[in-house]
Amino acid sequence: MKNLFLSIIFILVSSVSQCQIRIEGTVCDIDNNKLPGINVMAFHNKKDLISYGITDNNGYFCLTYNIDTDSIRVTAYGFDYEKKIIDIGSFSRFISIKLKEMPIMLKEVHVKAPAIEQQGDTLSYLVSSFSSKDDIVIGDVLKKMPGIDMDESGRITYQGKEINKFYIENMDMLQGRYNIATKNISSDDVALVEVYENHQPVKMLKDIQESDNAAINLKLKPDAKGVLNILAQIGLGAAPLLWNTELTSLYFSKKCQNINTYKSNNSGDDVTNEFTSFYSDAQSDNTGDMLSVHSPASPQISRRRYLFNNTNSVSSNFLRAVSEDVNFSANVMYYNDYLTKESLSTSTYYLLEDSLLTIKEKNSFSQSANNADATFKIETNKENIYFTNSLNLKAQWKTDNGRTVMSDTSRQELNDKAFNITDKFDLKKNINGKILSFTSINSYNYTPQEMTVKSNLYKNIFVADTNTDELKQSTAFNGFKTYNKLFVCYEAGYFTPSWSTGANIDIQSLESSLKTVDVQSFSNDSLNNNLMWNNCKAFISTGCGYKRKKLKIDLYIPLEFNILIINDKIPKKEETVKRFTLNPGLDMVYDASSRWTVKASYSHRNYLGGMKDIYTGYILSSYNILNRYDGQLAEKSTDNYYLRFAYRDVMKSFFGNIDIFYERYNSNLLLDRSFIGILQVQEMVGHNTLTDSYGLTGEFSKHFNKIRTTVKLKPSYFRTYSSIIQQGDLVDYNYEFIGIKCGVETQLYSCVEVSYDVRWNTGHTITETESYPNINTLSNFLKIKVFPIERMTVTAGFEQYLTKSTSTSADMLFADLYVKYRFSKIDIFLSWCNIFNNTEFKTISYSEINRFMYSYEIRPSEVLVTVKFKIL
Amino acid sequence: MKDKILFMFLLLLSSIRIVNAQSPLNIDDYKTLGESRYVITYEMMMTDDTLKPEEKSYDRILLEIGGNISKSYSYNLYRYDSSYTISERNGAHSFLNSSHFNKGVMSKIEIFKYYTDNNMIVVHRMPVQGPIFIYKETMNIINWIPSAETKNILGYQCNKATCQFRGRNWTAWFAPQIPLSDGPWKFCGLPGLILQVEDDKGEYAFTCKGIKNTTKPIVMYDYFYEQSTREEIAKFLINCYEDYYAYMRKIYKDMPSVLVATTDASGKRVPVKLSEAGKKKVPYNPIELE
């Protein structure tokens with residue numbers, strides 16, 4: 001700065017009427033060269049700026065002020081000159097200042113990319129803005145991102161809706177088993193988590209068939225690509241002997257992706273959920289499970305606390321991109337698991353005239369399960385052609401053992417096998433702007449089950465003179481399904497008309513018999529079933545999409561024709577049912593602004609009940625539940641109304657949505673439950689039943705980037721009106737539930753990280769005559785992570801569960817401690833779970849008009865030391 | 001073919017935001033004016049439409065400071081020009097790929113402050129393939145009024161100063177610890193680097209996001225510049241946004257069959273020949289109101 005600057009003079013308002021003080025001067029370097037462009041400032045009290053000037057070409061400056069003071073501080077500072085500070089008396093004068101040449105290095109500030117960035121329909125979450133030192137895998141970070149939520153099973157939702165695809169580098173290797181990614185890929189290897197809103201995975205259908213669901217893509221850091229990572233974990237603990245070992249290999253490149261895992265533990269770590277595909281089309285409804293060994297429902301606490309397991313699992317996931325749009329993937333996995341449960345339960349059934357049936361039982365349950373699953377898929381996804389074929393093979397074989405102690409003991413043993421093979425074929429082609437699609441899904445399922453029950457519950461129940469106490473129930477389910485659909489659509493201006501037609505054939509058979517172990521089968525036919533069920537459905541559907549400005553409307557009107565042939569061979573009854581049904585639906589989406597989306601939809605559906613609610617011979621489905629139906633076909637219909645408001649402001653990192661629903665469910669059958677002693681007999685009887693439910697769920701989350709804090713709030717409310725027959729008495733009841741979840745996660749200070757979650761809910765049942773007491777539960781979760789030194793993390797976790805009803809209450813407090821220490825490239829973890837050594841967890845719940853109190857055995861105080869390191 | 005490409009081009013441009021529609025320029029030829037010692041990054045917030053004050057757009061402004069000269073320019077526009085330049089080297093048509101376009105909003109003003117001459121050279125690019133104007137202005141014409149208030153920005157203690165400048169009331173926060181009397185856009189003349197400056201209507205703001213000690217050449221690209229004045233450019237832009245298609249007809253007068261993507265009464269985007277396109281008024285809210 002060698003040229004002239006005009007000095008700018010200013011006067012700071014001062015109430016003191018003083019004559020103006022004027023300090024003039026020159027600034028030059030050591031060789032007496034005049035320095036232009038030097039900032040000269042005058043400070044009162046050494047800190048309050050009262051005047052400033054910038055030296056002109058002659059190095060001249062002039063400072064004026066009106067402050068009444070004895071002395072002032074003058075500083076001179078300029079580009080490449082050392083700062084000079086002089087304290088002088090406050091009176092008009094002339095000073096000369098000499099500056100030494102010295103390059104100035106500024107304290108650098110690195111530009112932080114915004115935590116969330118939006119480009120069109122893609123939101124990019126910067127992983128480093130959400131992760132902390134303690135995070136190990138990407139799943140730990142995903143949970144903290146606003147708008148994204150992950151439940152305990154690992155299921156991911158975005159703005160309250162399930163994601164429809166999970167990609168790694170835009171490739172779908174895991175086919176929905178994304179727990180394998182979220183629990184194994186290191187958070188350090190991921191640069192961005194991208195959310196593709198309204199994601200249509202089929203390229204050809206983009207802009208033609210829009211989706212409401214979002215997809216997630218993990219964008220890896222460049223140095224995480226093209227390298228093979230092998231990670232190992234060895235964990236040992238007590239008491240009793242505990243272990244938790246893992247061996248994982250990961251490889252991601254442009255052409256090839258591969259994740260292999262081997263995991264073994266008995267420390268309550270549920271690795272089997274890595275085998276679950278969360279994609280909506282992966283959920284199979286073709287199961288043939290009829291029997292079960294009595295075991296209480298899982299308590300509403302972290303699974304790690306009550307899971308007594310011994311699991312060994314292996315999985316191999318592979319994807320090869322043959323070309324940019326063609327890839328082949330294979331997922332093969334197997335696990336075996338031995339788990340045990342112990343519980344005490346009190347079930348209270350409200351019977352006629354205020355009489356109560358209370359059943360107290362002690363339950364021991366063990367399961368030895370083997371599961372194998374293999375999926376092979378080939379996919380071509382181009383602008384003009386889409387082709388995919390996936391073949392899935394599943395096998396499961398397990399043995400359940402149960403012991404239930406009441407006044408006496410009942411033993412149950414279930415041998416359960418299930419085999420399933422499913423092939424899905426999908427071909428879509430764009431021919432001159434018309435989309436032609438053919439989909440075919442074929443599956444076969446075979447489920448044989450055999451349960452032996454030893455109990456004196458049954459004496460004189462089935463046949464008066466049979467004094468048996470050991471029964472054998474066997475069932476065999478066979479099912480074959482083929483679903484075929486042809487679909488055409490094209491775009492015509494604002495409209496996208498579509499037509500589809502197809503045929504579904506569903507063939508099922510059920511054979512069952514209830515016998516004593518020693519004697520042959522009972523002569524009584526009512527204890528056997530031999531049923532064939534053939535359902536053929538032909539449908540033709542027309543639909544139309546409409547898109548104009550910010551409004552999208554989709555209307556579809558499928559007309560279905562069902563022929564159902566039921567051949568019940570034991571009563572020698574053959575029945576043919578023919579039904580025409582119309583199942584229309586309407587979806588509307590209005591993008592009110594870049595932030596607001598409103599969605600409304602309505603659908604009506606008619607359907608016929610399945611074979612599992614039509615058999616007429618008794619089946620002992622559990623040691624104390626005897627089921628049968630009166631042979632009347634269930635005919636059901638539902639009307640669904642849905643309204644959604646979603647808001648997101650990416651700049652402010654705020655996401656919110658409210659979903660409101662109303663469902664009316666109509667059935668011609670009603671559950672009739674009666675008791676013979678404590679043996680429950682459940683039958684379906686012909687009675688028109690209406691079940692109305694409505695509710696509201698919301699989800700709000702905001703991230704404060706400056707203070708590295710995420711706040712989430714999830715309110716929910718629902719109410720159901722329905723009926724049940726209990727001990728011959730028709731009871732109308734309604735159930736109301738209110739729940740609030742709230743969480744804060746903060747990394748405000750670099751040495752401490754705190755997360756706090758609170759969940760509160762209340763529910764109660766009301767019948768015409770009675771209002772049952774509320775059950776209130778309050779859960780608090782507090783986690784404090786401290787980083788005392790760079791390499792160390794100490795985490796203290798507290799969980800409190802309060803359950804309260806009028807007469808009973810339960811209060812549980814858990815404390816856990818985790819210490820992580822990084823020793824060069826080895827992570828050492830010490831975990832001490834359940835420090836207070838609680839041995840049981842108590843809870844209360846409602847089902848219909850009945851009340852259940854449980855006490856579960858939970859894992860005692862345990863210490864585990866784990867070492868995690870990188871082999872490659 | 002040429003028309004078709006141009007149509008796609010315009011379609012893509014208009015899908016970004018027509019007010020910011022900007023054609024990229026080749027930046028292969030330039031002259032070096034000096035060398036930076038510091039590079040300061042600012043986030044620039046703009047409000048294009050005063051009727052929709054909640055709709056903000058954001059750019060990133062880089063201020064390169066050297067001993068005699070500084071340059072303030074849009075990083076988004078620079079990235080846009082560089083990807084265009086690279087693709088032009090590889091054959092121009094390959095650039096017509098939407099991925100290159102989504103670079104966000106771009107401020108089209110470049111300012112070179114010549115400390116030695118106490119003046120600045122302003123380069124202002126007009127929408128689409130419009131002219132590139134250049135004009136000269138005197139530096140340090142802002143009459144700052146300092147106040148005693150202080151606040152901390154990025155770890156620097158900053159003092160407050162306010163001014164009235166060309167129709168807006170601005171509040172600036174400058175760091176006396178950094179002896180650089182400079183700032184983003186035309187702002188300068190305070191005894192310390194300006195780290196934040198915003199107008200009282202909340203329509204424009206510059207916020208420092210990064211400070212780096214780095215040496216790199218400060219360059220001026222060899223475009224075909226048209227000498228002008230600030231007042232003439234202001235009039236030019238008011239006319240341009242008053243009837244945007246009329247402006248485009250002037251720019252593309254050799255190509256009467258150019259298609260533009262217009263929005264019809266129902267809100268659907270339809271291609272229309274530029275020569276037949278109706279009047280289109282584009283909201284315009286310049287940083288200098290006077």
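In this predicted model, the secondary structure of chain B comprises 4 helices and 14 strands. Of the 290 residues in chain B, 56% are buried, and among the contacts in this chain with a separation of 6 or more, 62% join residues that are 24 or more positions apart. The area that chain B exposes is about 12,300 Å², of which carbon and sulfur atoms supply 51%.

One residue of chain B can be followed in detail. B:Trp144 sits in the loop between β6 (132-138) and β7 (145-153) of chain B, and this residue counts as buried because its relative accessibility is 2%, where the cut-off for buried is under 20%. Beyond its neighbours within four places in sequence, B:Trp144 is in contact with residues that include A:Tyr52 of chain A as well as B:Ala161, B:Phe187 and B:Ile194 of chain B. Two distances involving B:Trp144 are set out below.

| Atoms at B:Trp144 | Partner atoms | Distance |
|---|---|---|
| C-alpha atom of B:Trp144 | C-alpha atom of B:Cys163, 19 residues apart along the chain | 4.9 Å |
| Polar atom of the side chain of B:Trp144 | Backbone oxygen of B:Cys188 | 2.9 Å |

Both B:Cys163 and B:Cys188 also appear among the contacts of B:Trp144.

In chain A, 3 strands form an open antiparallel sheet in the order β10-β11-β12. β10 (148-150) and β12 (161-162) of chain A stand at the edges, and since each has a single partner strand, one side of each is left without a neighbour in the sheet. The antiparallel pairing of β10(A) with β11 (residues 156-158) of chain A extends over 3 bridges, and A:Ile148 has A:Tyr158 in β11(A) as its bridge partner.

Definitions and conventions:
Residues numbered from 1 in each chain as written. Chains lettered and ligands numbered in written order. Predicted model: local features only at pLDDT ≥ 70, side-chain atom pairs only at ≥ 80, totals over all residues. Heavy atoms only, no water. Buried < 20%, exposed > 50% of the residue type's maximum accessible area, 1.4 Å probe, protein only. Contact = heavy atoms within 4.5 Å. Areas by Shrake-Rupley, 256 points an atom, 1.4 Å probe, with all protein chains shown as cover. Polar contact = N/O pair within 3.5 Å; in protein donor to acceptor, adjacent residues only side chain to side chain. Pairing = 2+ DSSP bridges.
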